[in-house]
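Here is a short report on a predicted model. Its topics are a pocket, a surface patch and a few single residues.

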Amino acid sequence: MNVNGTAYRTIWLGTDGETVKIIDQTHLPHKFLVVSLRDLTDACSAIRDMWVRGAPLIGATAAYGVALAMRENPSDQGFQYAYSKLLETRPTAINLRWALDEMESCLRGLEPNKRSEVAYARAAEIANEDVKICSALGDHGKKVIENAWKEKGKREPVNILTHCNAGWLATVDWGTALAPIYKAHGAGIPVHIWVDETRPRNQGASLTAWELGQHGVSHTVIVDNAGGHLMQHGKVDLCITGTDRTTASGDVCNKIGTYLKALAAKDNDIPFYVALPGPTIDWSISDGVKEIPIELRDSKEITDITGLSSEGNIIAVQLTPDGTNAANYAFDVTPANLVTGLITERGIAKASAGGLAELYPEHAKS
Ligand code: MRU
């Protein structure tokens, strides 16, 4: 997608064929900074400290992290070390484990001196596949927006509420929740996006607002608690979010606060869609509330807030009294019964075991 008119992906191989380039998202929207990952430690820091974030991009970065590690130590122990270090960086997004397992299956049984080359090639494939998948799910999701527009008599923009950042910055390109929006916008369907700021890290206010702005998509940032009010007053036509892990029965884990939006949408008869690539489905579990590990992050993300000072510096300021306890649950689970549909690269599935099995028969339990 475009940054000041230039097309970028969120991760790519440097011209030396070894270092991995990423956009350091901790500086956005105030500064666009490309940084290099040179080794396994850099890749782990990039994921843990959220220079990159969003489930699909976490997966792609982990794949490149293995490639970087295979340059340093391509032995079996080297691979196992890289696998476990990368896996522990963030616990909720299943794309991380999926990408590591993909890397394991392509490297297993190979002579160590072949592993680095093969790992770079597979990481590049994973990144390219993500772009294709997100573009395809965008095409399917566009139809939902088009139908909403037709229902409005094609007279007014479709108002869509989204939470966190599930745009191209959260994937390699296109995004998940925002892909249908970019496709609709590109097809001339008028859209307006309500962007939840998404405390505590404010991925909505900083990242979603930035990328929608770069693409000329009309949007308004709202505080996280405003969604219910807007829904009651007919100002939301549909909700689309992303997900970090969806169970085989269609329960959806996503950024904290998603569940409350789904409840409000249900109460107001507003369709609540979730957009996801196949690798975000965890086929091994079915009860999202009981089985998905919820990341607990540093309480400083709640007690302090970061922004641009009047001198133009990015600074953190303290919000709470000294010594205040804060609990930073990063994700929650929206049960399948609150989800209208799952927008995937293979079409739109009912959020249920049967719905997903129909689209992904190779994973269906017999
Ligand atoms: O903590 P983050 O910023 O990695 O959380 C991201 C989200 O919750 C996204 O909605 C999710 O990863 C879906 S991504 C396309």
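The largest pocket has a volume of about 590 Å³. Its lining counts 23 residues. Nearest the centre of the largest pocket lie T26, P200, R201, N202 and T306. By class, the lining holds eight nonpolar, nine polar and six charged residues.

Which elements each supply at least two residues of this lining? They are two helices and two strands, α7, α11, β15 and β16. The largest share, four residues, comes from β15. The table gives the residue range of each element.

| Element | Residues |
|---|---|
| α7 | 203-214 |
| α11 | 300-303 |
| β15 | 304-308 |
| β16 | 314-318 |

Now the surface. Y259, L260 and L263 make a nonpolar patch of about 270 Å². Y259 sits in helix α9, which spans residues 258-267. Is Y259 buried, partly exposed or exposed? The relative accessible area of Y259 is 32%. Buried means under 20% and exposed means over 50%, so Y259 is partly exposed. Patch residues need over 30%, and Y259 has 32%.

R122 belongs to another helix, α5, which covers residues 112-151. Is R122 buried or exposed? R122 has a relative accessibility of 11%. The cut-off for buried is under 20%, so R122 counts as buried.

One distance links R122 to the patch residue L263. Along the chain, R122 and L263 are 141 residues apart. Their C-alpha atoms are separated by 40 Å.

Key:
Residues numbered from 1 in each chain as written. Predicted model: local features only at pLDDT ≥ 70, side-chain atom pairs only at ≥ 80, totals over all residues. Heavy atoms only, no water. Patch = residues over 30% accessible without salt bridge, like charges linked within 9 Å, V, L, I, M, F, W, Y side chains within 5 Å. Areas by Shrake-Rupley, 256 points an atom, 1.4 Å probe, with all protein chains shown as cover. Salt bridge = Lys/Arg side-chain N within 4 Å of Asp/Glu carboxyl O. Buried < 20%, exposed > 50% of the residue type's maximum accessible area, 1.4 Å probe, protein only. 1 Å grid on protein atoms, 1.4 Å probe; cavity = no way out; pocket = protein on both sides within 12 Å on 5 of 7 lines; lining within 4 Å. Points joined across faces, edges and corners; volume = space filled by probe spheres on them. Nonpolar A, V, L, I, M, F, W, Y, C, P; charged D, E, K, R; others polar.
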